[in-house]
Amino acid sequence: PTTGKAAVSTPRTPSRPHILFCIADDASFPHMSAYGCPWVKTPGFDRVAAEGLLFRNAYTPNAKCAPSRACILTGRNSWQLEAAANHWCYFPEKFKTYAEALREHGYFTGYTQKGWAPGVAEGRELTGTAYSEITLDPPTTGICATDYAANFAAFLDDRPADRPFCFWYGGIEPHRGYEYGSGIRKGGKQLSDIDRVFAFWPDNETVRTDMLDYAYEIEWFDLHLQRMLDTLEQRGLLDDTLVIVTSDNGMPFPRIKGQEYEYSNHMPLAAMWRRGIRNPGRTIEDYVSFIDFAPTFLELAGLTAETAGMEPVTGRALTDLFQAGGAGRVSPERDRVLIGRERHDVGRPDDAGYPIRGLFRDGWLYLRNFEPDRWPSGPPQTGYPDVDAGPTKTEVLNSRVDPEQPDTYWNVTCGKRGPEELYHVAADRDCLHNLADDPAQQARREAMRDELMTALTAQGDPRVFGHGACFDAYPYAQEKVRFYYNRLMAGEPVETGWLGGTDREPDFPAR
């Protein structure tokens, strides 16, 4: 790995902690054992939670890799980031990241494996200098060969002793693909370990095996986290390091990743900082958003959005929760989060997206679908590319052509939706019972709609000003993913997402 110089060399003080930001790739809340999940074992995450804070209501504004990570890095919601609202975009030059700002003000910055991605940021190191050269023999074909923890140690070896560090651990687990059956064969898991299969999938051996493979990859991510914590402790750095552990978006399964529901956007989150968090071991129920990370890091580095060159930042620093000392609902003002999406994976005519905005508040979720005539997961002809290919996707799609299976699995994942959705998430975490047309909930629906639109207007969202077509017009950053729909319509073979094949989806029989 190479070492870059900071523009300004500023000695570290107690108010400028080291920062270790750890982000899994596609893991949903509550799939860490600290939350009581019986089929995932994560002692590293659990340690961070036990020695710091466990958050129960942390959300990403956009449940897809690149836009979610852009929100983390800039402190802005994705609809405030122009092209960076999309997947596979060109990152706009005008938006600075917290890692770039910290580097300019004395921090030694680096990352391993997956930083901001996928997309192109010409000539920039959005998360610092890359440290991904050290490899190992992975336990499965689906797990990355990068030795994340060893690369972190190499980064620490390069760090000048008088400078604080900011490191981004970007594992690519549990992103697909998986080695089928690895959770059972290599992880020692059993199908009966799973306490519940979400109601929008068939509950069968294939789906449960897929879930255990996902769990095994989360545990691989956690294993490297454990090694990193041990490295910091051995070097005497752990007490003065803020450790954040989370994921970028929900699990890569139907109706989750890339969508805007509870399990899509609700993320695991734990934070520890021995010298900076009062009364460790607390559980926080406040709503927090990924846009809160950047202002947290800036504040701890002694910067403001203005002095960092990142103005305006929409998020709010988490330091009040670090210092408050209480548990449960700590700050009355943290009572909501906003979410949304634009263009994710291609597959619609003219490569258009599926725009959504939403609001979580008080155990409820309101969604506004701006283009309900579009297929939310992509059209049937293209195999629904906004759902990752895998065994569970295949089971959901096969259920649509099986007269003995309920239509629900396909419909809630791939079928068209109305312009508004309303869910009582506290009682319906699977978000299957849309109450938008329930007469008893009209006042709530209207109040949440008004609150959402007022907030989006204040944030300058082009979608609410009638200029949302700009998001569809931003170019893709990689030629191979462009014009997916048009290639298929021309009769060229494209992967549909059916397990093990590239044929077009069969015509659906009448139901």
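Start with threonine 109: it stands opposite cysteine 166 in strand E7. This is a predicted model, by the way. Threonine 109's neighbourhood is worth a look, so to speak, strand by strand.

How many bridges join strand E4 to E7? Six is the count: 6 bridges, with E4, residues 108-113, and E7 running parallel.

Now the other partner. Strand E1 covers residues 18-24. E1 and E7 also run parallel, joined by 5 bridges. One pair to find on your screen: isoleucine 23 has glycine 170 of E7 as its bridge partner.

Next, E7 itself. Is this strand mostly covered or mostly open? Mostly covered: 6 of its 6 residues are buried. Buried means under 20% relative accessible area. Look at the two faces. On one side you have Phe165, Phe167 and Tyr169. On the other you have Cys166, Trp168 and Gly170. Both faces are covered. Cys166 is the residue opposite threonine 109, and Gly170 is the partner of isoleucine 23.

On to helix H2, residues 65-74. H2 is mostly covered too, with 10 of its 10 residues buried. Among them are Cys65, Pro67, Arg69, Cys71 and Leu73. Ser68 and Thr74 are on the buried list as well.

What covers the buried residues of H2? The cover includes two strands we have met, E1 and E7. It also includes helix H3, residues 98-104, and helix H8, residues 293-300.

Last stop: the end of H2. Glycine 75 follows the helix. Its phi is positive, near 75°.

How values were computed:
Residues numbered from 1 in each chain as written. Predicted model: local features only at pLDDT ≥ 70, side-chain atom pairs only at ≥ 80, totals over all residues. Heavy atoms only, no water. Buried < 20%, exposed > 50% of the residue type's maximum accessible area, 1.4 Å probe, protein only. Helix = DSSP H or I, 4+ residues; strand = E, 2+ residues; numbered from the N terminus. Contact = heavy atoms within 4.5 Å. Pairing = 2+ DSSP bridges.
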